[in-house]
Amino acid sequence: MNRLAAATVTLLLSTALATGAAMGAEVWKGHGLAMHGDLKYPAGFRNFDYVNPAAPKGGEVRLAALGSFDSFNGFIIKGQPAIALGLIYDSLMTGSLDEPFSEYCLLCETVEVPQDRSWVAFTLRPQARWHDGKPITVEDVIWTFNTLREKGDPFYRYYYGSVAKVEKTGDRSVRFTFKPGENRELPLIIGQLAVLPKHYWSGKDFEATTLEPPLGSGAYRIESFEAGRSITYVRVPDYWGARLPVNVGSSNFDKVRYDYYRDSTVAIEAFKSGAADYRDENSSRHWATSYDVPAVRDGRLKKEEIPHKRSAGMQGFVFNMRRDIFKDPVVRQALAYGFDFEWSNKTLFYGQYARTRSFFQNSELAATDLPQGREREILAKFKNRLPPEVFTKAYSLPVTDGSGRNREQLRYALALLQQAGWDIDEETRKLTNKKTGKVMTFEVLLVSPLFERIVLPFKKNLARLGIEVRVRTVDTAQYQERLNNFDYDMIVFTWGQSMSPGNEQRNFWGSEAADRKGSRNFSGVKDPVVDEMIEMVIAAPTREELVQRTRALDRVLQWNHIVIPHWHTPYDRVLYWDKFSRPAVIPDRGASLFTWWVDPVKERNLEAKGRGQN
């Protein structure tokens, strides 16, 4: 059993029930839960290590968002929700940023689980309040859970599908009982539940979009907005949870304003003019070329690479395997030779990136080299249903010399395509299926114009193989609608990964999710082996076993060729006007703006010097 550290048991547990009887009957009650192993922070801890508990409150931070919004209901599939709505809600528990996967009580005062984690119970804090002053109740928790599962985004029905029942067990206590099966993550999943006010939603249509600012319980509330253009959150001065250890040193800004811009180029110009205070930069081109301005050179505008230790996950060109042309893994493997990463990195990215090859890149969870030891034992159970290369070859990606002359790679791609039943027609010079006579053509759907410069060289290389590629960039609302309905041939997408993968893998790669609109199985994976491996990951009894099972899953996904992998960096690229101070400790997950604060002295100096590029 993965239980809390023995040294802190007496502090963590107010009650140990049925000890000494059957081991499965033990029930632990404490201030938090770890997925595997021990909690880092014992009962009675004062604050997380990566915050400054003495950070002053005050000031305003202005940020940029892209696109638009038409709703404050982020729990349904309809509409385009405003950014950062999570600021107004509290959840039962909250995670730390310097552990693989641990949660600590927020709305709850204590959490209880049996050894087999077949249920979880929470006792709510008596002081927990909505912004209107009314107490947060067990009825709110139960109503929220049932409403999300019945009327919310289809994701919730799937995510909470293993909950058999939820029931009130006391004035301030609620219990979730799970369906049979080994799933150690479920108590933590329930702990992430953002609780909504039942009395506020009474008489309202939960399934409809709304621009009425909703009632919340979190550190912020919506102060003002201009539909589709801006939204301002204000810190709640009498926020009930301000002094909780999990909140000390965070949510330091009095106001948080988001202004919406049409695209990144416009947002960058607005930022450089002083219209925004902080920016995460995800474009290597902009990082290298867009900030050579006086404000950076004289220190008014800071430009930093902040290291992190989180998994980079997977970004790539995603094949929609629901399309006939992408059903053959040999075809998918062949098309990967059309993407010249080395040339792109040198010419377009200024050499800033490393190639991604794992779905859990930059972590111990990544499968590398050949499978060994426990990982090989796991894979051996599926040997007759896996490509033989899983055991005999280390997964690798095409490599070029970066010159842009990748003829050798394209020749190999054509050989693979011929093997799969395609060849270049001598008359039309188009790649044609030898059985059906159909020409290979597909569309790459984008939401950001920034990616056009990356896709167009890919398109040019594939044209040399006789493949017709169209590139289409659409607005945010249309893009989201097409994603929800899997209405695309190929997209660019990033699957972020935690250091403790679990139930979300069903939503990424599970067969059931492949047919469920709104899921994140954008590639359409439907593989019984993958399904079984996902369940093994979810049921992993120890951290070491989780690592080995995840590596096995990673390796199988690699050899399915469901994406053409892109790139990653082991640091966050951030820019900010010199008005902030931040804690000395950087958490494993990287830059964390809401642990920063406005430094009054720096802000006065900045205003005296002036913002803007000149």
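Helices and strands here are DSSP runs, helices with at least four residues and strands with at least two, numbered from the N terminus. Keep that in mind as you click around, and remember that this is a predicted model.

**Stop 1: Gln 352**

Select Gln 352 to start. You'll find it in the loop between helix 10 and strand 17 (354-355). Is Gln 352 buried or exposed? Its relative accessible area is 16%, so it counts as buried, since the cut-off for buried is under 20%. Now show what surrounds it: beyond its neighbours within four places in sequence, Gln 352 is in contact with Ser 284, Trp 287, Ala 288, Asn 345, Thr 569, Tyr 571 and Arg 573. Next, pick His 568 as well. Along the chain, Gln 352 and His 568 are 216 residues apart, yet their C-alpha atoms are separated by 8.8 Å.

**Stop 2: Lys 346**

Hop over to Lys 346, which sits in helix 10 (residues 341-347). With a relative accessible area of 52%, Lys 346 is exposed. Leaving out residues up to four places away in sequence, Lys 346 touches Gly 351, Gly 402 and Ser 403. For a sense of distance, add Arg 300: this residue and Lys 346 are 46 residues apart in sequence and 30 Å apart in space, C-alpha to C-alpha.

**Stop 3: a positive patch**

Keep Lys 346 selected and add Arg 405, Arg 407, Arg 411, Lys 460 and Arg 464. Together these residues form a patch of positive charge on the surface. Zoom in on Arg 464, in the loop between helix 14 (452-463) and strand 21 (468-473). Arg 464 is partly exposed, at a relative accessible area of 44%.

**Stop 4: Val 330**

Select Val 330 in helix 9 (residues 329-335). This one is buried, with a relative accessible area of 19%. Which residues does Val 330 touch, not counting those up to four places away in sequence? They are Leu 416, Gln 419 and Ala 420. If you add Arg 549, 219 residues away along the chain, you'll see its C-alpha separated from that of Val 330 by 26 Å.

**Stop 5: salt bridges**

Time for charged pairs. Side chains of opposite charge can pair when their charged atoms come close. How many salt bridges does a search of the whole structure find? The search turns up 36.

Try Lys 40 and Asp 98, whose side chains meet in a salt bridge at 2.8 Å, N to O. Lys 40 lies in the loop between strand 3 (32-34) and strand 4 (60-66), and Asp 98 in the loop between strand 5 (93-95) and strand 6 (102-105), so the pair ties together parts 58 residues apart in sequence. Lys 40 is partly exposed, at 40%, while Asp 98 is buried, at 13% relative accessibility.

Move on to Lys 255 and Glu 223, another salt bridge, at 3.3 Å, N to O. Here Lys 255 is in strand 13 (residues 255-261) and Glu 223 in strand 11 (residues 220-226), 32 residues apart. Lys 255 is partly exposed at 30% relative accessibility, and Glu 223 is partly exposed at 35%.

Then select Arg 555 and Glu 375, with a salt bridge of 2.5 Å, N to O. This pair links helix 19 (residues 543-559), home of Arg 555, to helix 11 (residues 373-380), where Glu 375 sits, 180 residues apart. Both Arg 555 and Glu 375 are buried.

**Last stop: a network**

Finish by selecting Arg 62, Asp 277, Lys 579, Glu 603, Glu 607 and Arg 611. Salt bridges with shared partners join these residues into one network.

Terms used:
Residues are numbered from 1 along each chain as its sequence is written. This is a predicted model: local features need pLDDT of at least 70, side-chain atom pairs count only at pLDDT 80 or more; totals for chains, interfaces and linings use all residues. Side-chain values use heavy atoms; hydrogens and water are left out. Patches are made of residues with over 30% relative accessible area and no salt bridge: like charges are joined within 9 Å, nonpolar side chains (Val, Leu, Ile, Met, Phe, Trp, Tyr) within 5 Å. Accessible areas come from the Shrake-Rupley method with a 1.4 Å probe; for residues, only the protein chains shown count as cover. A salt bridge is a side-chain nitrogen of Lys or Arg within 4 Å of a carboxyl oxygen of Asp or Glu. Lys and Arg count as positive and Asp and Glu as negative; His and the chain ends are not counted. The place of a charge is taken as NZ of Lys, CZ of Arg, CG of Asp or CD of Glu. Buried means under 20% relative accessible area, exposed over 50%, partly exposed in between (1.4 Å probe, protein chains only). Contact means heavy atoms within 4.5 Å.
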